[in-house]
Amino acid sequence: MNPSIPSYRYFTLPHQFSTYRPEPQRCELCDRSLPGYEGPFFGKREVAFVCEECLVSGRLIEAELFTNRGDTAALEQQLAHLQPELTSQTRQVLAQEQTRELEQRTPHLVTWQDFLWPVHCGEYCRFLKEIGQPGLNRLAPDGRGMVFFAEHALWMEGLAHAEEVWPGVRPDIPEDGQVAYAIGVYLFQCQHCHEAVLLWDAD
């Protein structure tokens, strides 16, 4: 029987697109043998495996470990723009709460290159899944996935740049992260306006 999947605010399918392992292993935080994540976990101590219960409950905080890096500068800028009525201290507390949830209670997103987790409408986006050309074509209102890619991908320098990258975007519909292509495209969604945000990288 498959274990129930906790609801992560910033990660939709952690058992498919992270480093989740259903086979019980020894958790290095609680010393129990349970399903969980292989990481990587970043911090002062080396940890290879953490059970899902410890991740959900925030045990990474006391261990001073983290799984992802949020774009805190963008988050603070957006909060200042969207909620100017709040004091700077209140906005800082909001940013810290979000960042702690993302970095220490959210599974690691496996990508080729390190990146800062994207922000939209004053909150970190929710990662949906890796996506290929068919998925991008479906997301595009006119069916032109390459144009949608050009318009929604961070670090994309216009349509000409998208035309160069597009042939390397995977042609299938990935169901998990087991098979990787040289170019990865990662679909995020804004928590508030539901706008699609794409990250992409290469090996």
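Modeller: Angles between helix axes under 35 degrees count as roughly parallel, over 145 as roughly antiparallel, 65 to 115 as roughly perpendicular and the rest as oblique. The model is predicted, so local features need pLDDT of at least 70 and side-chain atom pairs 80 or more, while totals for chains, interfaces and linings use all residues. Numbering starts from 1 along each chain, and side-chain values use heavy atoms, without hydrogens or water.

Colleague: How are helix 4 and helix 5 oriented to each other?

Modeller: Their axes (lines fitted to C-alpha atoms over the stretch in contact; angles 0 to 180 degrees between N-to-C directions) are 10 Å apart, at about 140 degrees. Helix 4 and helix 5 (DSSP runs of H or I, at least four residues; strands are E, at least two) are therefore oblique.

Colleague: Which residues of helix 5 make the contact with helix 4?

Modeller: Contact means heavy atoms within 4.5 Å. Helix 4 contributes T72, L75, E76, L79 and A80. Facing them from helix 5 are R91, L94, A95, Q98 and T99.

Colleague: Which element gives the largest share of the largest nonpolar core?

Modeller: This core (buried Ala, Val, Leu, Ile, Met, Phe, Trp, Tyr and Cys joined through side-chain atoms within 4.5 Å; buried is under 20% relative accessible area, 1.4 Å probe, protein chains only) has 33 residues. L29, V50, W117, F127 and F188 touch the most other members. Elements supplying at least two residues include helix 5 (88-104) and strand 9 (183-189). The largest share, 3 residues, is from helix 4.

Colleague: How far apart in space are T111 and G43?

Modeller: T111 lies in the loop between helix 5 and strand 6. In sequence, T111 and G43 are 68 residues apart; C-alpha to C-alpha, the distance is 19 Å.

Technical notes:
Buried means under 20% relative accessible area, exposed over 50%, partly exposed in between (1.4 Å probe, protein chains only).
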